[in-house]
Amino acid sequence: MADAKKRSLGKEFTKGLVKENPVLRLVLGTCPTLAVTTSVTNAIGMGIAATIVLVCSNIVISALRKLIPDKVRIPAYIVIIASFVTIVQMLVKAFVPALNTALGAFLPLIVVNCIILGRAEAFASKNTVLYSAVDGLGMGVGFTAALCLMGTIREVLGAGTFLNGIQDLLILFGDNVLNGWNGFDLNSGLEAAGLQPITLFILPAGGFFVFGILIALANKIAEGSGKPKAQLNGCEHCPMAGSCTKLAQENKSKEAEA
Amino acid sequence: MKNLTVSPSPHVRSSETVSGIMLDVIIALVPALIASVVIFGFRAALITAVCIGCCVLFEFLWGKIMKKETTIGDFSAVVTGILLAFNLPVSIPLWMCVVGCFFAIIVVKQFFGGIGQNFVNPAIGGRIVMLVSFSSAMTRWTEPLVWQKGVDAATTATPLSVLKGYDGTLSSSLPSLWHMLIGVRGGCIGEVCALALLAGGVYLIARKVIKPVIPLCFIGTVAVIMLIASKGDLEFTAYQILSGGLILGAFFMATDYSTSPITFWGKVIFAVGCGIITSVIRLYANLPEGVSYSIIIMNILVPHIEAITRPKPFGEEKEKKNKKEEAA
């Protein structure tokens with residue numbers, strides 16, 4: 001990682017948005033992606049909470065990267081991540097209680113979110129604090145953007161609303177922000193046109209469907225620009241194969257055999 | 001030795017074509033379509049036409065957009081359209097049919113590789129998407145024959161939801177068994193007229209398009225389970241067989257080539273599984289009807305059924321022994 005210092009901070013940030021988008025390109029963190037994207041409000045809340053944990057844990061893990069022994073690094077990472085998740089959950093409970101109810105078990109489950117552990121393993125454990133923080137922020141924003149994209153498609157098509165329940169989040173800035181505006185409701189307009197939302201999209205099956213379509217589109221775009229596709233068949237196709245320790249060990253043992 | 005020509009397989013060719021088989025299926029579905037127009041009025045024909053049109057259009061557009069050879073000429077999209085329409089209530093808004101056709105053709109069929117590659121029956125896939133998305137519109141049943149009197153669609157319960165309350169005696173609100181047979185009852189467009197469907201099924205079997213094993217095992221399993229569940233009530237069993245989409249599903253949808261097993265015993269396992277799931281859903285679940293769910297679940301299991309019922313090729317036993325010896 002000698003060339004890491006040469007890379008610009010801006011590139012570290014933007015790679016998480018599109019090129020290495022954690023959800024659509026690295027196919028990480030699929031569980032919360034499918035579960036909480038039934039509405040844009042939930043998606044924003046989840047994205048922000050995960051981003052805070054991601055940035056904080058990346059900073060601490062990067063700062064401690066020379067102190068943590070290699071053999072116990074995963075438990076050490078988990079302890080650090082879990083501490084931040086606990087803090088975030090307490091803050092959410094105190095300041096945006098409705099979001100805590102809406103996200104349910106998926107808020108504490110940020111502890112085992114692959115994106116956070118993945119960035120700790122692949123990036124923060126090898127790079128300096130500043131780069132790790134920027135990487136975490138980029139990945140977090142990319143995660144939030146992907147969640148919002150999925151949430152928008154699913155909420156508009158499946159429930160006929162957009163940003164419904166946004167007051168649950170806006171309560172952070174006080175009561176009755178934006179005159180109590182609580183999102184768009186397209187249902188009355190749809191009804192007048194004799195239409196109704198396609199409920200499938202807010203059901204789990206619709207989540208998988210939208211997710212699959214978005215990954216296919218991302219692959220199509222990646223193919224057009226000559227980048228590898230995100231595939232789930234075999235580790236060598238993974239865009240993170242270069243930094244994967246499991247693959248490196250396998251290659252080493254293969255070399256030893258040869 | 002002059003007459004010996006060497007050529008790659010296949011050496012034995014059949015005159016059967018995909019379009020020929022699909023045409024036979026369409027012919028077999030015509031009696032049920034005529035019956036549905038008599039029972040539910042011209043809207044039944046309109047919905048069928050819209051579904052056929054949309055399915056063919058989506059198939060055509062997919063070929064155009066993906067720059068692939070279009071497969072509308074094999075009539076499989078027409079069959080999907082008819083079957084999907086047969087699975088809808090007559091009062092369904094037309095735009096919902098378009099959504100259902102989109103899922104059936106684009107998502108279930110073309111995303112997985114087109115004809116012969118679909119992992120579940122496209123028509124059933126489309127129906128289930130519509131059922132979970134538009135549950136109220138998909139379960140609004142129009143009373144049969146009222147359109148002839150010029151009355152605006154009165155709604156009714158299907159025999160299946162009446163049967164749900166069975167407690168040893170049959171409810172008096174059920175139509176007579178004769179009416180059940182000719183289709184004067186509430187239900188989806190194509191499923192009501194059992195007589196027309198049976199005629200179509202017999203035609204398909206006579207033309208050797210389908211083998212009778214799947215429909216017989218499917219309906220037989222449901223009959224046996226219903227007999228046991230009702231402690232030998234033959235009338236209840238007859239109502240169960242004639243109601244819902246059992247006959248339509250057993251003859252026309254469970255027998256779909258690409259989503260049913262190839263071997264005889266594979267077909268038996270598949271059909272018995274369909275029958276068990278249908279009966280369990282009808283008897284114990286909140287849903288009144290389970291035919292489409294049973295077929296879609298067994299469709300997904302077909303690769304595993306194929307794996308356990310794969311016939312041994314001639315001489316394979318020896319090869320296996322050799323391999324073991326090599327390993328040892």
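How much of chain A is made of buried residues? Of the 258 residues in chain A, 43% are buried. Keep in mind as you explore that this is a predicted model.

## Chain A at a glance

Let's start with the overall plan of chain A. Its secondary structure consists of 11 helices and two strands. If you walk along the sequence, you meet them in the pattern α-α-α-α-α-α-α-β-α-β-α-α-α.

Next, look at how the chain folds back on itself. Take the contacts in chain A between residues at least 6 apart in sequence: 76% of them join residues at least 24 apart. On the outside, chain A has an accessible surface of about 13200 Å², and carbon and sulfur atoms account for 67% of that.

## Where the two chains meet

Now turn to the place where chain A touches chain B. Here 11 residues of chain A are in contact with 10 residues of chain B. The size of an interface is often given as the accessible area lost when the parts come together. For chain A and chain B, about 850 Å² is buried between them, with 75% of it on carbon and sulfur atoms. Three residues are worth finding in the structure: Q196(A), I198(A) and L200(A) supply 50% of the area that chain A buries against chain B, more than any other three residues.

Which kinds of residue does chain A bring to the side that touches chain B: nonpolar, polar or charged? That side has eight nonpolar residues, three polar ones and no charged ones. Across the interface of chain A and chain B, zero salt bridges are found. There are, however, three residue pairs in polar contact between chain A and chain B, both residues of each pair being at pLDDT 80 or more.

## Salt bridges within the chains

How many salt bridges are there over all chains? The whole structure contains eight. One of them joins K15(A) and D135(A), whose closest N and O atoms are 2.8 Å apart. This pair links distant parts of the chain, with K15(A) in helix α1 (residues 9-15) of chain A and D135(A) in helix α7 (residues 129-159) of chain A, 120 residues apart. Both K15(A) and D135(A) are buried. They also belong to a network of salt bridges that links E12(A), K15(A), R119(A) and D135(A).

Chain B has salt bridges to explore too. The side chains of E59(B) and K109(B) meet in one, at 3.0 Å from N to O. E59(B) sits in helix α2 (residues 42-65) of chain B and K109(B) in helix α4 (residues 94-110) of chain B, so this pair ties together parts that are 50 residues apart in sequence. Are these two partners buried or exposed? E59(B) is buried, with a relative accessible area of 1%, and K109(B) is buried as well, at 3% relative accessibility. Another salt bridge joins the side chains of E289(B) and R282(B), at 2.9 Å from N to O. E289(B) counts as buried at 14% relative accessibility, and R282(B) is buried with a relative accessible area of 4%.

## Covered and uncovered spots in chain B

A good place to see buried residues is helix α12 (residues 246-253) of chain B, where eight of the eight residues are buried. They are L246(B), I247(B), L248(B), G249(B), A250(B), F251(B), F252(B) and M253(B).

Loops can hold buried residues too. L88(B) lies in the loop between α3 (76-86) and α4 of chain B, and L88(B) is buried because its relative accessibility is 0%, under the 20% limit. Leaving out residues up to four places away in sequence, L88(B) touches I47(B), C51(B), C97(B), M130(B), M138(B), C188(B) and I189(B). T158(B) is found in the loop between β2 (155-156) and α7 (159-163) of chain B. At 8% relative accessibility, T158(B) is also buried. Beyond its neighbours within four places in sequence, T158(B) is in contact with W141(B), G186(B) and G187(B).

For a contrast, find V12(B), in the segment before α1 (18-40) of chain B. Why does V12(B) count as exposed? V12(B) counts as exposed because its relative accessibility is 76%, over the 50% limit. From C-alpha to C-alpha, V12(B) and L88(B) are 41 Å apart in space and 76 residues apart in sequence. The C-alpha atoms of V12(B) and V162(B) are separated by 53 Å, with their positions 150 residues apart along the chain.

Key: Residues are numbered from 1 along each chain as its sequence is written. Chains are lettered from A and ligands numbered from 1 in the order in which they are written. This is a predicted model: local features need pLDDT of at least 70, side-chain atom pairs count only at pLDDT 80 or more; totals for chains, interfaces and linings use all residues. Side-chain values use heavy atoms; hydrogens and water are left out. Helices (H or I, at least four residues) and strands (E, at least two) are DSSP runs, numbered from the N terminus. Buried means under 20% relative accessible area, exposed over 50%, partly exposed in between (1.4 Å probe, protein chains only). Contact means heavy atoms within 4.5 Å. Accessible areas come from the Shrake-Rupley method with a 1.4 Å probe; for residues, only the protein chains shown count as cover. Buried area is the accessible area (1.4 Å probe) that two parts lose on being put together, summed over both. A salt bridge is a side-chain nitrogen of Lys or Arg within 4 Å of a carboxyl oxygen of Asp or Glu. A polar contact is a pair of N or O atoms within 3.5 Å; within protein, one must be able to donate a hydrogen and the other to accept it, and residues adjacent in sequence count only if both atoms are side-chain atoms. Ala, Val, Leu, Ile, Met, Phe, Trp, Tyr, Cys and Pro count as nonpolar, Asp, Glu, Lys and Arg as charged, and the others, Gly among them, as polar.
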